[in-house]
Amino acid sequence: MATDCSVRALWILNNLDAVVFSRRFPVVEKRWRAACRSENESSDDDPVKYTVFSSLPSDSELSTAFSERKRREGSVRGFGIRVAQSREGSDSWVDDPVTRHIIGLCINKEEEGENNLLWPLALHIKGPYCILILPLVEPRHVKAYARLCKRSDCGNPVMADENLSSLLLDLPSMTGAFMVAHAIGEIVTGDVVEPEVVVSASPSVGGLLDSLTGSIGISGISSRAKPVAAPVASSTPSSGAVMGALASDVPKIGSRLLDKDALRSFISSAIPFGTPLDLNYSSIFSIKANGFSSLDIPPQDLKQPAWKPYLYKGKQRLLFTIYETLHAAMYDRDDIPDSLSVSGQINCRAELEGLPDVSFPMVGLSTSKIEALSFHPCAQVPEQNVDKQALMFSPPLGSFVLVRYQATCGLGPPVKGFYQLSMVSEDEGAFLFKLRLMEGYKSPLTMEFCNVTMPFPRRRVLSFDGTPSIGTVSNAEHSVEWKIITSGRGLSGKSIEATFSGTVRFAPWQTQRLTSFRSGFEGAMDEDSDNETESTNNVVNVEEFLMEKMSKDLPPVDLEEPFSWHAYNYAKVSFKIAGASLSGMSIDPKSVSIYPAVKAPVELSTQVTSGDYILWNTLGKCPSAITAKV
C-alpha cells in the first residue's frame, strides 16, 4: 500500500457528541477494502482478524461509539494511562499518553453481534467541535494496535517487539491526518489567519499599502483584483488601520454557525478524492473567488506547484521573521530547579517573480540545543552537520511557516527573582516581589514591555496597598496587574531591579467549600473538559484522577491560600523582546541565495514573547516535574 497520506473519512462532532458534518472518500475506501481482502486471505489463523473493520460506520454508529468511549475513558481525550477504570481493549489499557490524541473506537454492529475496531483516528479539539480524521493505513497496523489493547503488562517498553511508538513511526499518514484536522478546525471556528511577518517601516503609508497589495500580485498578476492573503506587520503605528482594512476582506467563517458549504468547498479543493494537496485556505479561497484569466499563464519549462496558484509580479524582496515563545516555571527553591523552554517558528514571505528556489544555512543549531525541528512541505534539507543546516525551498504564495522548532533558552531568564504571598487573615494577604529584568542581556535585545499579574480566580479583589519601585499597578475583579515596563519605554543594554511589596484585600470568604471547589475545578479544566455531571457509574475524570493522585497529601483549601484552586498560587509574567532570538536560532541575510539569481533585498526580524511564564509562590505549594536520570 502506498505510504502517502490518504483520508478514508472525517467527522465533526459537537459538544453533545452529535455528528454535525461528515465526509467519506469512496476512492480511498476501495483501496482499504482491497487491502482487507488481501490481508484476510494471507492470515486466516490470525486470532485478531475480527478487529479489522472493513467498512465505515454510519454517523449514528460513530456518535454512539464516541460517546461510549468518552464515558468509559472519563473525558473526550481519555485517561492516557492505565488506571483502575481501564478496561481491556480500550485506549487507556495501552498505557500511553499518545492515546489521548490518536484514538480508537469500537463500533457495535448489532447485526454481527461483535465490536469492530476503528483505528487510528486523529482527534483534534477546536472550540466546541471534536474533529476526527481517519487516514488510510494497512490492516496489519490495526491488528498490531488491537494486540496492544489486549496485552497484560502496561507501559510502553522501548525494546519490546511491539509498542505504540514504533507502530506510529511506521505510519507517516498520521502527520497528514493531523494537518487536515488542524486546517478544518481553523475553518469551522473562523481562525483562518496566516502567519505574521514583520518588516521595517516604509517611507509612507502609501508605500506600505503598495507593498501589501502588490505582495500577492494584485497589480501585477492580472487585471483582476486578487484577495489579500495575509497582512505584513510593520513597526509604524499608522499601519494598523491599513492592515485592518485589508484583512477585513478575508471571509470570517466563525461569525456564524458551522458553514457546511464553505467546508465542502474547501474539502473538494484541498483534499480531492481523499488525498490532501494544498491545505492553505487563502490559496483555495483565492482560486474559488477569482479563478484564472488569460494573463495567468503557467511557465512552460517549470512545473508550477499547487501551493503557488498565482505567480507574483512586482517589486521583489524576501522577508523572514523569527518568532519565539518562552515558557518558564520559576520556583526560587533549592530542591526544585527552574524550567525554561523555547518554542519557535520561522515565518517567511517571498515576494519573488517566477518559480525561484531559495536556499540558506540556519546557524546556531549547536548553541541553541534544538530538541525538535520540522519544516514546511515545500522545503528540502539536503545537508546537516553540528552547527549548520542547509535549507532549500520553493516558496508558496503569501506568508507561511517555514520552520518550527523546540529548543532550550541559550540565555538566562529575562525575568528572574521570587514571589511570596501569605495570608495574614481570612480576607487579606501580604505579598512581595523581588525581580531582576534583562540581566546578562545586551543590545540589540530590547524588552518592549513587561507586566506581572497576580490572578485570584476564586476571590474577589476589593483593594490593594503598596507602591512598586518602578511601574504602575491596577486591579481588576479577580487580579492585580503590575506594569513594570510600558510600551514605548523599552529596556535595552542594561538590567534593572524591580520590587513590589504590599497587601491585597478580598471580599469575605464564602464557606460553601464544596460548591466553590467544583466551580473552580470546572473553570480550570482545559479543552478536554466535557462540562458534564458525574456519570452514573462514577467514572472519575482523568484530570481529577491525576490531580488527586499528584496532590493527595495536600490539606484542604483553607486560610493558607483560600483564593487559589487546590492550594496553588502564582504570578504570571508577560513580556515582549525584540532584536534577537533567545535560543540562538538565526539566519544570515547575506547567506541567502536565490536561483535564478535576482536582485532582491532580504530582511530579517526577531520577536520573543512570553508563553506560560510562571512565578510560583515560594511560601506555598507548587507542582513540579521530576527529571528522569539517564
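Which residue forms a salt bridge with Glu439, and how far apart are the closest N and O atoms? The partner is Lys416, and the closest N and O atoms are 2.9 Å apart. Glu439 sits in the loop between strand E16 (428-437) and strand E17 (446-455), and Lys416 sits in strand E15 (residues 415-425), so the pair ties together parts that are 23 residues apart in sequence. Glu439 is partly exposed, at 34% relative accessibility. Lys416 is partly exposed too, with a relative accessible area of 33%.

**The chain as a whole**

This is a predicted model. The chain holds 12 helices and 26 strands. Of its 630 residues, 48% are buried. Take the contacts between residues at least 6 apart in sequence: 73% of them join residues at least 24 apart.

**Salt bridges**

The count of salt bridges comes to 18. Three of them are set out here.

| Pair | Closest N to O distance |
|---|---|
| Glu439 and Lys416 | 2.9 Å |
| Lys70 and Asp17 | 3.1 Å |
| Glu497 and Arg436 | 3.6 Å |

Lys70 and Asp17 meet through their side chains, 3.1 Å from N to O. This pair links distant parts of the chain, 53 residues apart. Lys70 belongs to helix H2, while Asp17 lies in the loop between strand E1 (7-13) and strand E2 (19-24). Both Lys70 and Asp17 are buried.

Glu497 and Arg436 form a salt bridge at 3.6 Å. This pair also links distant parts of the chain: Glu497 is in strand E22 (residues 496-506) and Arg436 is in strand E16, 61 residues apart. Glu497 counts as partly exposed at 45% relative accessibility. Arg436 is partly exposed, with a relative accessible area of 27%. Elsewhere, Arg8, Glu29 and Arg33 are joined into one network by salt bridges that share partners.

**Helix H2 and the loop after it**

H2 has 15 residues. From first C-alpha to last, H2 reaches 21 Å, close to the 21 Å expected at 1.5 Å a residue. Its buried residues include Leu62, Ala65 and Phe66, along with the charged Arg69, Lys70, Arg72 and Glu73. Gly74 follows H2, and its phi is positive, near 90°.

Arg82 lies further on, in the loop between helix H2 (59-73) and strand E3 (102-109). What is the nearest side chain of opposite charge to Arg82? It is Asp95, 5.6 Å away. A salt bridge needs the nitrogen within 4 Å of a carboxyl oxygen, so Asp95 does not qualify. Arg82 is thus buried yet has no salt bridge. A polar atom of the Arg82 side chain does lie 2.7 Å from the backbone oxygen of Trp93.

**Helix H8**

Helix H8 (residues 260-270) has these buried residues: Ala262, Leu263, Phe266, Ile267 and Ala270. Seen down the axis of H8, they fall within an arc of 130°, so they line one face of the helix. An α-helix has 3.6 residues a turn, so residues three or four places apart point the same way. At the start of H8, a side-chain oxygen of Asp259 comes to within 3.3 Å of the backbone nitrogen of Asp261.

**Tyr129**

Tyr129 is in strand E5 (residues 129-135). Is Tyr129 buried or exposed? Tyr129 is buried, because its relative accessible area is 13%, under the 20% cut-off. Leaving out residues up to four places away in sequence, Tyr129 touches Ile12, Leu13, Asn14, Val20, His124, Val188 and Leu258. Tyr129 and Thr189 are 60 residues apart in sequence, yet 8.6 Å apart in space, C-alpha to C-alpha.

Key:
Residues numbered from 1 in each chain as written. Predicted model: local features only at pLDDT ≥ 70, side-chain atom pairs only at ≥ 80, totals over all residues. Heavy atoms only, no water. Helix = DSSP H or I, 4+ residues; strand = E, 2+ residues; numbered from the N terminus. Buried < 20%, exposed > 50% of the residue type's maximum accessible area, 1.4 Å probe, protein only. Polar contact = N/O pair within 3.5 Å; in protein donor to acceptor, adjacent residues only side chain to side chain. Arc of directions from axis to C-beta. Expected span 1.5 Å × (residues − 1). Contact = heavy atoms within 4.5 Å.
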